[in-house]
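Colleague: I have a structure open and would like to learn how to read its features. Where should we begin?

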Amino acid sequence: MRAVLTWRDKAEHCIYDLAFKPDGTQLILAAGNRLLVYDTSDGTLLQPLKGHKDTVYCVAYAKDGKRFASGSADKSVIIWTSKLEGILKYTHNDSIQCVSYNPVTHQLASCSSSDFGLWSPEQKSVSKHKSSSKITCCSWTNDGQYLALGMFNGIISIRNKNGEEKVKIERPGGSLSPIWSICWNPSREEHNDILAVADWGQKLSFYQLSGKQIGKDRSLNFDPCCLSYFTKGEYILLGGSDKQVSLFTKDGVRLGTVGEQNSWVWTCKVKPDSNYVVVGCQDGTISFYQLIFSTVHGLYKDRYAYRDSMTDVIVQHLITEQKVRIKCKELVKKIAIYKNRLAIQLPEKILIYELYSDDSSDMHYRVKERIVKKFECNLLVVCADHIILCQEKRLQCLSFSGVKEREWQMESLIRYIKVIGGPPGREGLLVGLKNGQEPNANSVAWNTQCEDMLCFSGGGYLNIKASTFPVHQQKLQGFVVGYHGSKIFCLHVFSMSAVEVPQSAPMYQYLDRKMFKEAYQIACLGVTDTDWRELAMEALEGLEFETAKKAFTRVQDLRYLELINSIEERKKRGETNNDLFLADVFSYQGKFHEAAKLYKRSGHENLALEMYTDLRMFEYAKDFLESGDPKETKMLITKQADWARNINEPKAAVEMYISAGEHVKAIEISGNHGWVDTLIDIARKLDKAEREPLLMCAHYFKKLDNPGYAAETYLKIGDLKSLVQLHVETQRWDEAFALGEKHPEFKDDIYVPYAQWLAENDRFEESQKAFHKAGRQQEAVKVLEQLTHNAVVENRFNDAAYYYWMLSMQCLDIAQDPAQKDVMLDKFHHFQHLAELYHGYHAIHQYTEEPFSSHLPETLFNISRFLLHSLTKDPPLGISKVKTLFTLAKQSKALGAYKLARHAYDKLQGLHIPARFQKSIELGSLTIRSKPFHDSEELVPLCYRCSTNNPLLNNLGNVCINCRQPFVFSASSYEVLHLVEFYLEEGITDEEAVSLIDLEAPRHKHENKWQEITSSNSQTLRLDETTDSMRDDDPFTAKLSFEQGGSEFVPVVVSRSVLRSMSRRDVLIKRWPPPLQWQYFRSLLPDASITMCPSCFQMFHSEDYELLVLQHTCCPYCRRRIDDPGP
């Protein structure tokens, strides 16, 4: 530590106190009865302030820099502004000894010989408190909560902001040791408030806020007059009767003298946040010093030891940044470090430390030896068993016991010493002399990882030198203390920083000389990725593959690593052509023309051509080929077209493909882009033998909705099957049928899709015909079954009846195949039965679901009875037994069949009834009880064979309970028709039977009243006059009167003679197609006309049928139009 005098001045009177403005620009001094204001930068007296009438003893500046206060022997305190104007004055009863501003609240404490006062800028008033002794000094804590008062009787009183005493400290010397100066440590890092106390018992002591003493009293050997801390509390200044200012550590260890004076020092202060000290003396001298703290440090490899707080040594591991502090409690003068040794020179001795273990990361030191001697030296070095002292030109080697073993005298001043290693006790020393020093070099460091590199600093620059190459310079503040890899450890003022310096410059110096391995070693110390890549490229071009591989691995460039591996593999296989290897390298680097020249030189023109085409450099490739093989030129054009396609230039690609004869690719691009015109040109230019490209053209024509061109293309190559498929897909059925006529082998390919298309478009009858034409009866049945199911689910029962009838007829058609006859006939009868049920149920559904019904009550009555008789245990899908019984109950009641109605209501009670019918059924069940328990006889059905009256509800179903003859119902009103079915005797064919019936047997003259009207739509029997046409001797009537025996049904079988006796007008024939037999019915009441539909063979009363045909223009059952010819 050195003190340099910056400026000095002398006042006429003793300087009792001084204060700095918080920003350090002004200095206020108490000199006589005036205040002197100085500029701190150059010592200029700015202004003397007059206000006091007697000697000014004390002065203090507020922390905010807005005002300062002065206290005088005239018992007054004056408060001044920073502009040097007095704004307030107040007095005490005795002379003012000291003043101090609260650092937080800016409250002013002013102390006199008998009391102290607290003045607050807000209250503008002073609160005074008595004191038992003269107050000599005062100081506020950092947080402004407590005020310490030092008294002449050796007592320290700690008061709160209100002046109340909280702690009282009595010094051992009492009134013999007056307290002359006290100050709180301003450091924010200390956990406790620490009060430094200097008394005229010549002691320096430290106390906590609680009054507890810290450590022991430290003897001073002079009477202290002033005590003050540095801004951060790290050092203490003390001055007094020894006529000098001394620097102490915050713990009270004396470090040295700041400046010797000619008289007592009454005051000394540190300029805020700086190392400048001002001293005021008895003789009026004002001295302004700058303190310079030199850096004391040592370095060995990655361990750096330096002095901290003047008395501590910190050893830092530069790589791991671990730190350890060694407290010496004395001024540290020199530090040396080597391997596991650490030497510290103190004022009166040298301590030698060693590491606890050999672990390179161990940071624990212990004392090995002590040399208790005072040494004066410029440099200190420690070795394994010795210490080296340097004094000017002389080197001394001492053992750890302090015995001098050797001495050397140098020709010039020694500026640098370094231990460069060697066996313990015989280490080598590197000594730097002033006469061999590099200009502007104040410190030097060798690279610990590369023997050929060092760096030195000076003049604000860092210089890096590798081998014998020129020095590389860059700006750097401070000086270097270590060089490890790419890190340079630099000390600037008191802070150590690690600067990452890329080793690019020395690496390039090696590269310029093609010294790749050495350049790689430098790069390993630390260079940028760009430098690594440059090293890799240079090594690769120099064919130094090992170095290149390492460098490319570092930058993770897999592409070049693959190249190097492939070259190494080729070398192993015996390839030695370096030109070829270098050509590969150049092509990878993008130097394509140089690569092409090398390929050509090494006789591998094909590789150059391949490179150009891969890079789409087709013009260069053509130039390279010059007048080459046309095959290769065509290949080039194809590759160019591929490239044009990839870069989204399809038009150009198509033209190139066509010129290269690659029609398939041209068609593909044109088709994908929808260029029909281009496709037409290609298709018309192609020969019909080129089948594949033409088929592709046709495919794209179809896709682009141009079937005409597709058809043209298929015709060109004669692909009729594809042409048929095209017509089918585009639904051009006329062209398809025309083609089918000429080529019957495609019949299936046309009619099956046509039928499916018709079915999808709800044209089912046409669809069936198409299926028939294609011979696909099963499909026809399947379509109809699905449609029927849908109709039932959607409650379209009349449609369901129609579809079931169509299904039955379809099954009958299929039954002509002997293999399927039995199954299909069963299906025919089943579907016929379902068609009749749904046809009848349609009316029931309409009646129950719609508000109005077009059917007569008798019709609904008959239908519901017919359905109940026909239904088995499980009714078909969609047919509701509840609705049927409900209809029967309502119509029976309306027609007078009360017994039947009651029976229907009773039946309903056992069924699940929908909520909407619930009330109606319950009401009907009650009201029917009021009606007589019998049925109207008019409603009772009659059997026309045996003239038996049948019950309204028949357990046997729709047959006579007596003769078991099945009833024949009208398909509109569902009344029992006066028809009896008869069968032919064995041996009589249908044709013979019809011819016998057609014979006109002799009749009585009144029998010509019958008239038969035959049309294409129906057969009608009409009686012109009402008369009994049945004679007693009618053979058929005789057959009817046959008595039944038992419960078996005995059919009416007629012979030829009976047939001959019948009139054609009385007989209705159901002419079923094979394999079914015809059915014959005889009308027993010829006066009531009956009509039979020639398509579905359903029977109707003639008047009903004519009316229904007029309404629907077709048969209400099979929907055969009246203008259609018969089956």
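Modeller: Begin with a pair of charged side chains, and keep in mind that this is a predicted model. Arg916 and Glu849 meet through their side chains in a salt bridge, with 2.4 Å from N to O. Arg916 belongs to helix 26 and Glu849 to helix 22, so the pair links parts of the chain 67 residues apart.

Colleague: Is Glu849 buried, exposed or partly exposed?

Modeller: Glu849 has a relative accessible area of 35%, so Glu849 counts as partly exposed.

Colleague: How many salt bridges does the structure hold?

Modeller: There are 22 salt bridges. One of them joins the side chains of Arg1119 and Asp799 at 2.7 Å, N to O. Here Arg1119 sits in the segment after helix 30 and Asp799 in helix 21, 320 residues apart. Asp799 is buried at 15% relative accessible area, while Arg1119 is partly exposed at 32%.

Colleague: And what about Arg1082 and Asp1066?

Modeller: Their side chains form a salt bridge of 3.7 Å, N to O. Arg1082 is in strand 55 and Asp1066 is in the loop between helix 29 and strand 54, so the bridge ties together parts 16 residues apart in sequence. Both residues are buried. Salt bridges can also share partners: Glu794, Arg796, Asp799 and Arg1119 are joined into one network that way.

Colleague: Which side chain of opposite charge is nearest to the buried Asp362?

Modeller: That is Arg303, 6.5 Å away, and Asp362 has no salt bridge. The cut-off for a salt bridge is 4 Å, which is why a distance of 6.5 Å does not count. Asp362 lies in the loop between strand 35 and strand 36. The side chain of Asp362 does make a polar contact with the side chain of His364, at 3.1 Å. Beyond residues up to four places away in sequence, Asp362 touches Arg303, Leu355, Tyr356 and Ser357.

Colleague: Which residues touch the most other members of the largest nonpolar core?

Modeller: They are Trp805, Tyr838, Leu979 and Met1099, in a core of 62 residues. Among the elements that each supply at least two residues of this core are helix 21, helix 22 and helix 30. Another core, of 42 residues, lies apart from it and includes Val296 and Leu355.

Colleague: What is the average pLDDT of the protein chain?

Modeller: The average is 80, and 76% of the residues score at least 70. Over residues 1004–1010 the pLDDT is below 50, although this stretch has 18 contacts in the model beyond near neighbours in sequence. Where pLDDT is low, predicted coordinates should not be read in detail.

How values were computed. Residues are numbered from 1 along each chain as its sequence is written. Side-chain values use heavy atoms; hydrogens and water are left out. A nonpolar core is a set of buried Ala, Val, Leu, Ile, Met, Phe, Trp, Tyr and Cys residues joined through side-chain atoms within 4.5 Å. Buried means under 20% relative accessible area, exposed over 50%, partly exposed in between (1.4 Å probe, protein chains only). Helices (H or I, at least four residues) and strands (E, at least two) are DSSP runs, numbered from the N terminus. pLDDT is the predictor's confidence in each residue, from 0 to 100. Contact means heavy atoms within 4.5 Å. Lys and Arg count as positive and Asp and Glu as negative; His and the chain ends are not counted. A polar contact is a pair of N or O atoms within 3.5 Å; within protein, one must be able to donate a hydrogen and the other to accept it, and residues adjacent in sequence count only if both atoms are side-chain atoms.
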